[in-house]
Protein chains: 2
Amino acid sequence: MAHQPFIKTRQTEKTVNGISTQVVCTEFSNYIFIVLTQYGKIGTLVSVTPDARCSDISTPMFTTKVLLGKDEALTHVYAKNIATFVSQEAGNRPVLLGLALKDCSAENMKTLKDMIKSCQVW
Amino acid sequence: MAHQPFIKTRQTEKTVNGISTQVVCTEFSNYIFIVLTQYGKIGTLVSVTPDARCSDISTPMFTTKVLLGKDEALTHVYAKNIATFVSQEAGNRPVLLGLALKDCSAENMKTLKDMIKSCQVW
């Protein structure tokens with residue numbers, strides 16, 4: 001990746017449960033940057049960082065930190081839920097996630113994650 | 001802008017003083033997101049927010065905050081230097097700036113700002 005001249009970025013748009021939803025994914029060498037927005041805003045910015053792995057624990061743990069916006073408990077839950085698979089697929093890279101969702105219901109989460117998958121830059 | 005279906009993003013690359021330099025600019029309704037990188041990294045993430053204007057002060061003031069990475073005094077100086085014109089041109093929108101520069105010398109600053117100008121998304 002170090003030899004690619006450009007920074008890889010992809011985006012998609014979809015109407016999810018009646019709400020226009022945009023996803024932008026950009027790959028940096030030390031972070032995958034993802035914005036998932038239903039307001040056009042960057043929203044709450046959360047870093048999702050995999051913890052150093054213990055060899056005897058197969059499930060990696062993640063530390064979430066709200067960098068910008070309201071620091072609410074649910075934001076950490078959503079951020080982990082959304083970003084874990086990206087981090088794992090991207091060789092345990094941290095994810096910087098902007099979340100501006102009107103509807104965070106569980107049934108939408110799969111669709112939102114599928115949108116992110118369709119913008120795979122890692 | 002609210003009616004544009006997609007999130008506007010532009011990028012460019014240039015060799016500045018022998019160093020491969022990438023710029024990515026993305027427009028969100030509440031932030032202009034800019035990464036200026038010579039490492040492929042997102043770098044130090046700084047928010048540059050215009051203060052509420054006093055009617056008798058013609059020069060706007062900016063508050064800078066390091067959200068991610070080392071909080072060094074010079075980072076605030078560079079961030080203000082680089083992001084002020086973007087914020088002003090973008091109707092006083094705050095700028096979220098990722099800085100990963102090897103060479104921050106004054107003579108490069110103009111070139112770096114010109115690169116950002118060439119990626120105008122606001």
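Colleague: Through what turn can chain B be laid on chain A?
Modeller: This is a predicted model, so to speak of local features we need pLDDT of at least 70, while side-chain atom pairs count only at pLDDT 80 or more and totals for chains, interfaces and linings use all residues. Superposing by least squares on the C-alpha atoms of residues with pLDDT of at least 70 in both copies gives an RMSD of 0.0 Å with a shift of 0.0 Å along the axis. That's the relation of a two-fold axis, and the turn is 180°.

Colleague: Which residue of chain B comes closest to the rotation axis?
Modeller: Residues are numbered from 1 along each chain as its sequence is written, chains are lettered from A and ligands numbered from 1 in the order in which they are written, and side-chain values use heavy atoms, leaving out hydrogens and water. Going by C-alpha, the closest one sits at 2.8 Å, and that's B:Leu67.

Colleague: Which two residues touch the most other members of the largest nonpolar core?
Modeller: Such a core is a set of buried (under 20% relative accessible area, 1.4 Å probe, protein chains only) Ala, Val, Leu, Ile, Met, Phe, Trp, Tyr and Cys residues joined through side-chain atoms within 4.5 Å. This one has 28 residues, and its largest share, six residues, comes from H1(B) (helices are DSSP H or I runs of at least four residues, numbered from the N terminus). The pair you're after is B:Ile116 and B:Trp122.

Colleague: Which residue of H1(B) in contact with H2(B) does B:Trp122 touch besides B:Val86?
Modeller: The H1(B) side of that contact (heavy atoms within 4.5 Å) is B:Tyr78, B:Asn81, B:Ile82, B:Phe85 and B:Val86. Among the residues that B:Trp122 touches are B:Val86 and B:Phe85.

Methods: Helices (H or I, at least four residues) and strands (E, at least two) are DSSP runs, numbered from the N terminus. Buried means under 20% relative accessible area, exposed over 50%, partly exposed in between (1.4 Å probe, protein chains only). Lists of a residue's contacts leave out its neighbours within four places in sequence.
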